[in-house]
Amino acid sequence: MIKAILVFNNHGKPRLIRFYQYFPEDMQQQIIRETFHLVSKRDDNVCNFLEGGSLIGGSDYKLIYRHYATLYFVFCVDSSESELGILDLIQVFVETLDKCFENVCELDLIFHMDKVHYILQEVVMGGMVLETNMNEIVGQVENQSRLEKSEGGLSGAPARAVSAVKNMNLPEIPRNINIGDINIKVPNLSPFV
Amino acid sequence: MALKMVKGSIDRMFDKNLQDLVRGIRNHKEDEAKYISTCIDEIKQELKQDNIAVKANAVCKLTYLQMLGYDVSWAAFNIIEVMSSSKFTYKRIGYLAASQCFHEGTDVIMLTTNQIRKDLSSPNQYDTGVALTGLSCFVTPDLARDLANDIMTLMSHTKPYIRKKAVLIMYKVFLKYPESLRPAFPRLKEKLEDPDPGVQSAAVNVICELARRNPKNYLSLAPLFFKLMTSSTNNWVLIKIIKLFGALTPLEPRLGKKLIEPLTNLIHSTSAMSLLYECVNTVIAVLISLSSGMPNHSASIQLCVQKLRILIEDSDQNLKYLGLLAMSKILKTHPKSVQSHKDLILQCLDDKDESIRLRALDLLYGMVSKKNLMEIVKKLMIHVDKAEGTTYRDELLTKIIDICSQSNYQYITNFEWYISILVELTRLEGTRHGHLIASQMLDVAIRVKAIRGFAVAQMAMLLDNAHLLAGNTQRNGICEVLYAAAWICGEFSEHLEDPLQTLEAMLRPKVTTLPGHIQAVYVQNAVKLFAAVLTRRETAGEKQAAQETTEMLIEKLPQFVQSADLEVQERASCILQLVKYIQKLQAKEVSVAEEVTALFAGELNPVAPKAQKKVPVPEGLDLDAWINEPPSESESEDEKPKAIFQEDEPKHSRPRLTELDEQELARRREARKQEQANNPFYIKSSPSPQKSYQDTPGVDHIPVVQIDLTVPLKVPGMPISDQYLKLEEERRLKQKQEKKDKKKKKKKEKHGKSRRHDSAHTESEEDIAPAQRVDIVTEEMPENALPSDEDDKDSNDPYKALDIDLDKPLADSEKLPVRTHRPSRTEGLKSPDVDTTAEEQRPKKSKEKDKKKDKERKKSKEEKKKKKRKKSAPTEELEEEEQQHQGEQAEDKISTEDTSEAKEAKTNDVPAAVPTEQQPLEAVPLSEPESPKESEKDQEESKSSKHKKKKHKKEKEEKKSKKKRHRSENVESEAAVHNGTAEEEEEEPLPPMSNYCLLAENSYIKMVYDIQGNLQDGSQVVVSVIFENNCTDFLKSMEFNVLDSLNTRLVRPSGASVHDGIAVPFQLPPGVSNEARFVFTVQSIVMPQKLKGTLTFIVKTEDGSTHEKLDFKLHFTCTSYLITTPCYSDAFAKLLESEELKVNALKLDSINMPFHHLLAKICFHHHFSVVERIDSCASMYSRSIQGHHVCLLVKSGDNSVSIDAKCNEPSLLSHVLEEIKQTFTTAS
C-alpha cells in the first residue's frame, strides 16, 4: 500500500499532497516538513530509499523518492510494494505529467494542482496502484478532459476574459517568467512494462 | 429565475479562479497569511451563492488551500453539494475535495451515501469512476456496509475501467466492513482471470494485500497464482504474485519446493532488476521455510547470495541498498553464508549514503559471534566518533547496545569490556539515548553479579566526573546515566573502595542542577553510601570520622530539602531527620552502623517487565466485587463532611515511624516477612524454578573479579575498551595455544602449519571461554505464571478482522445487505424485515469477527437448547428466541443468491424438508437421521404455534450443529409465516409450507425443485433440486441436463458444449436425499417457461449396474423471478402514484382461510412482502430480478378476496396473478 504521495519543490513548498490515511492538516504539514528535511539533504547520487521518518508509518514504511529538476516526488509505501517497482511508477507518473502538460514544469503543477490530482487518480487509487500503462492513463485523462470541455469547463469563457482584464490592470505582476530552466527533465530510464 | 442566472454569471466574472488564487498568493509573499484569510472570506461568500459553478470554483480553491495546511473541514457540507452536481466537471471537483479532507470523523459523510450510490450506478463511466476514486479515500464502516453490494455489482461492469476500480476499492471495503469479504471473495477470485490486464492486476493487488496480512486463508489460491505466474508477462503482476508467494511459503513448504525451479529460471532470464530482486527475495523466503534438512538447496542459497553480492557491489546505490536488505533476510536462517561477506558489509558502513549505512548496521546485528563481537563493536565505536549527524550516531549507539545485549548477552565474553564500552558511550554529546545506556548499566550490574565490583568502580568514576556530563545543559540526555551510576554505587556500596569519596561527589552543590528524578536517586543512595561509610568507620573504630561524615551529611542535605521537586524534597527531609537522629545516637556513643545498614538490607532481584501481568488471579477472587456492602447513597452524603473531620484527628496523634524502638521495628519486619512468605502475590526472593541454578552459591561465594590495574580508571574520556580487545586477543591466543598444546600431544605427527590454519577455522564459538565466570540472572517471573502470549498481540490491528476463512461455503446470513428500507414501526403489522435491519447489523459485526469462538458458542448454545427442549420453555425465553429467529429468517429472505454461492452449494449437504399441505409426507425427501422426528412432528401439528416455532428452531439448530447449510423449506416457510403474522400470536397457527414442488419421480429417484431469483445478477435464477433415492440401491454418476431455449439457458462450466449435462456432485445411498443447485440465465422474465430435461444416472445393484434416465419438465414460473424485497409505506405510496405502472385485478372466490394465512401464503409462495396491513386489507410489494415493481392491494371480503395489482410490466403481472390464483385454487 502507498500511504502518501508528496510532491514538493527544492524549498519544501508543497505542490501536491495526497495522503491515503487521515492526518490532520497541521500533522500533514509537519510530515511534509520532516520529509523535505530528510530528502533535501541527500545527494543526488545516493540511493532513493529512506527508512520512514518517525511521523509517518514506522518500521514497515519506506520513503521512495525521485528528484527531477526543482521537484521532489516522494512516495511513502509499506513493505508490500516493490521498491524498484515504485521507482518505476514515479517515472511513469512524471512521464504522464509530461505528456498531459506537454513539457511539464513546476509552474504547471503550481497552477493546475487539480489537474495533477486527476492524473494521479488514474495511477494510484486509495493507496493502491491502479494502472501502470502510460497510454491507458493518458487516454483516460484525455477522455475526462474532453468530457469536461463538452460541459463548458469550470471557468467558462467570461470568467477567463475577466481574469485577463484584471491582470491587465496590474502590469507589474511578473507572469510566467524564467520558466525555461525549470522544465522537469525526464531522463530516459527504461520504461516499466 | 433567468435574472438570477444572469446575476450569477456576472458575479462569477469577478470571482477568482484557482489560477488567480495561486497567482495572488505568489504576489503576496510578505503577508501571505493575511492575503489567504481574505481569500477564505471571499470563498465563504461564494459558497453562500446558489450558483453551483461558483461553489465548485470555491471548493476547488479550498482544495488548494488545504494543501497549504489550512483546515477546510468547515466547508464539508458545501463539498457534498458540489459532489452532487450533475455535471461531471463539478462533481469531480467535489469528490477531489472530499478525498482530500474527509475522514472517518467527518460527520456529514453519512449524507453522501445516497449520492455515491447514485453516482456508482450512473450511466457515465467517468461519474462512476470519480465516485469510486473519491470513496476509496474516505470510506467509513457505514459507507462500506451500505455500498458493499453496489460496488460488488460494479466488479462485473462492462467497462474494464470501472471493473478495475471496483476491484481495488473492495480492499478498502473489506478493511472497514470485514463481513463483506466472504460474500465478495468468489467474484474477486473470478477477476484474477479477467480478460483485461488492468482488472487482473487490480485483483492480484487486492488479494496480495489481503494475503499478506492473513496468508493462511489464501493458501488454496496458490495453484491459480502459480498458473498466473507462469503465464503472465506483466512485471507488476509478476512482482505482486512473487511477493505473495513469499508470504505463503512459510505456511506450505511443498509450495516452496515447487517454486524454486520457476523462480530460479526467472532469476536467470529476466532483465528487469525489480523482478530479479523480488525473485531472489522469494527464493530466500522459500529457503527459510525449508531451512532444515535440505542440503540440496545450498546451491540456491549460493545463487541468491551471489546475485545479492553483485547487487551490493553495483554502483547503483538503489541496488546496493536492496542487496543489503535482502541479505539481512538470509542472515536469519543462513548466517554462515552471509558471514563470509563480512568485508563487503563493513565496507558499506563507510558509504556516504545513510540509508545504506543503516542497512549494513542491521546486517551486523546478525553477524556477530562471540569471536568477532569485540572487533565489530570497535569498528562501530570508531564510526560513532566520526559520525557527524546526531541521528545516525544515535542509531549507531542503539545498534551497539542491541548487538551486545542481544539474546541475553549471548555473545559477550567479557563484561568488563562491555561496561567500559557503555562508559565510553556516555561521552557522546547530545544523544537522546542516555536512558538506554543507563538501563543497560543497571541491567548488567544487577544481573551479572560477578561484574558488580568493576561496575561500581566505573560508576563511582562517572559520579566523580559528573560535572563533565551534566555541566552542559545541551547534553541533558546523557545525564540519565548518572541515575544508573548513583543507584549502582548505592546499592552495591560494599564493593566501593572509597565510599566516602563517592558520597562527597554525590552531595556536591552542582548536583542540584540535575533533573528531579535523578536528584531523588542521589539522595536515596547517599544514605546507602552513608551506611557503608558508617560500617567501615565503626569496624575500624574511627568514631570521630563517623561523626564527621554524619555532620557532613547534615550540612549538605538541606540543599535538597529546598528542591522544587517534590520527590527530592520529601526524601531529603525524611533522610535529614533520620541522619539527625543518628547524630544524637552517635553523640551518646551508640554504634548505629548496623541499624542504618539494616534499612537497606536484602537484595533486589531483577523482575521481568511482564511479571505483574502474569500473576494468575487465584480462584474465587473477584476483583470487581464489593468487599464491604457499598453504603447507600443517602448515607454517604450525610457522612461525607463528618469523615473529613474524623480523618483529621488521628493525624496529629499518629506516631512517627522513626520514633519506634528497634525491637518494635525488628518485630514488624519479622511479621512482614512472615506475611510476605504466606502471601502468594508477593514476589519472593526464593529461587523460582528457572533460575534455581544461580542462587545456589550465595552472593558472597561469587568471586569478585580482580580489577585490572593497568586500566586507567581515573582518567575519564580515555577509551579503555580497546585495552580489552588486546587483552582478549591475548587471552584467546593463550587458550588456543593451550588447546594446541593438548592437540600436539595427541597428534604429534601432523604438520604444524596446516594445523594452525585448521584450528583457527574450526574453532567453534563455544571454545571461547568467557573471561570471568558469569552468571546472567534471568528475570524473575511469578510462580505459576500463565504462559500466555496475549500481551504481545495488538488488539487494535485492523487487519485482524480480515482473518476470515474463505474456503467455507457461504452461509445465507452472510450475504451482503442489499439496500433495504425501514418500514414504519407504528403500523400494526410489521413488514418482513422489521427486525432484520436492526438485528442484522448488531450481531453481525461481532458474529464474524471471531468465527472460531462462534463455533464454540454455537456448540454450547446448542446444548442449552437441548436442555430447553426438555422443559417447556418459559414464554419469555421463547419470545426472545423467536425474535432472534425471525430476524435470521427474514435476513435469509432478503438476501440474494449468488452464482458462485450456487456453485458452492453443490457440496454434499443434506437439507431437511418439512412436510407440507401440498405434498404428502412420504413425498418429501428427508435425511435419514431426521425422519423419525418428522412423523412426530406431524402429530404435533395441531399444537400451539409457539410449539411449532420452537420445533422449527430445534431443527435448525440440529442442522447448524452438523454445520450444514440450512437453506431449506422449513426455514423459509417459517420466515414467510412471520411475514404476515409476526405479532398475531393469538391467531390460528399456520400450516407449514414449502415451495418445493415435484419435478419428476420414478421408482429409483424423486426430484423436487424450487427456483429463486438472483438479485445480484439480474439475468440469473438458481434452481435448487433435491434428489431423493427412492429405491434400495446405490445411485451414482447422476447427470442433470436440460434442453436450453433461446430465452433460458443452463449455465455450464466453461468449455462444455450446450449438449453436455452437469454432473451432480454427490452420490445417493439408499434412502438418502441431497440438494444440488443449478444456475440458469434468463433473458426475458415476463413469461413463464418450461424446459425439458433429463437426469441420467447409474443404479448399482448387487448383480451389476444399470443406466437409467428420468425425463422432467422444469417450470419457470413468473413468480420465481420475483424477489422478496421490503418496501417503505411512503415509498410504496409514491410508487403507486407514478404513472408507469399498469393495472390489473384478480378476484378469488370461496376462500375461507384466515386473512393472515392468505397473506402469508402470498408472501411465501410468491415472494412478496407486506407493506402495510389495516384490518382486512393489505398492501404488498415485490420486485423482479430485473427490477420491475409489483404492487398488490389485497382486500378480503366474505368468502372472497380481491387483489388489485400494479406493475410496470403488464405481461409479468398478469402471469403472476394467474399463478397466485393457481395457488389458491389448488390449495383450497
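Across the interface of chain B and chain A there are 33 residue pairs in polar contact, both residues at pLDDT 80 or more; that means N or O atoms within 3.5 Å, one able to donate a hydrogen and the other to accept it, with residues adjacent in sequence counting only if both atoms are side-chain atoms. H6(B) brings the largest share of chain B's side of this interface, nine residues. By type, that side splits into 35 nonpolar, 22 polar and 23 charged residues, with Ala, Val, Leu, Ile, Met, Phe, Trp, Tyr, Cys and Pro taken as nonpolar, Asp, Glu, Lys and Arg as charged, and the others, Gly among them, as polar.

This is a predicted model, where local features need pLDDT of at least 70 and side-chain atom pairs 80 or more, while totals for chains, interfaces and linings use all residues. Residues count from 1 along each chain as written, chains are lettered from A in written order, and side-chain values use heavy atoms, leaving out hydrogens and water.

The two chains share eight salt bridges (Lys or Arg side-chain nitrogen within 4 Å of an Asp or Glu carboxyl oxygen). One pairs A:Arg42 with B:Asp353, closest N and O atoms 2.9 Å apart.

Now for helix H7 of chain B, residues 113-120 (helices are DSSP runs of H or I, at least four residues, numbered from the N terminus). Six of its eight residues are buried, so H7 is largely enclosed by the rest of the structure; buried means under 20% relative accessible area, with a 1.4 Å probe and protein chains only. Among them are B:Ile116 and B:Leu120, but also B:Arg117 and B:Asp119. The cover includes H5, H6, H8 and H9 of chain B.

Terms used:
Buried means under 20% relative accessible area, exposed over 50%, partly exposed in between (1.4 Å probe, protein chains only). Helices (H or I, at least four residues) and strands (E, at least two) are DSSP runs, numbered from the N terminus. Contact means heavy atoms within 4.5 Å.
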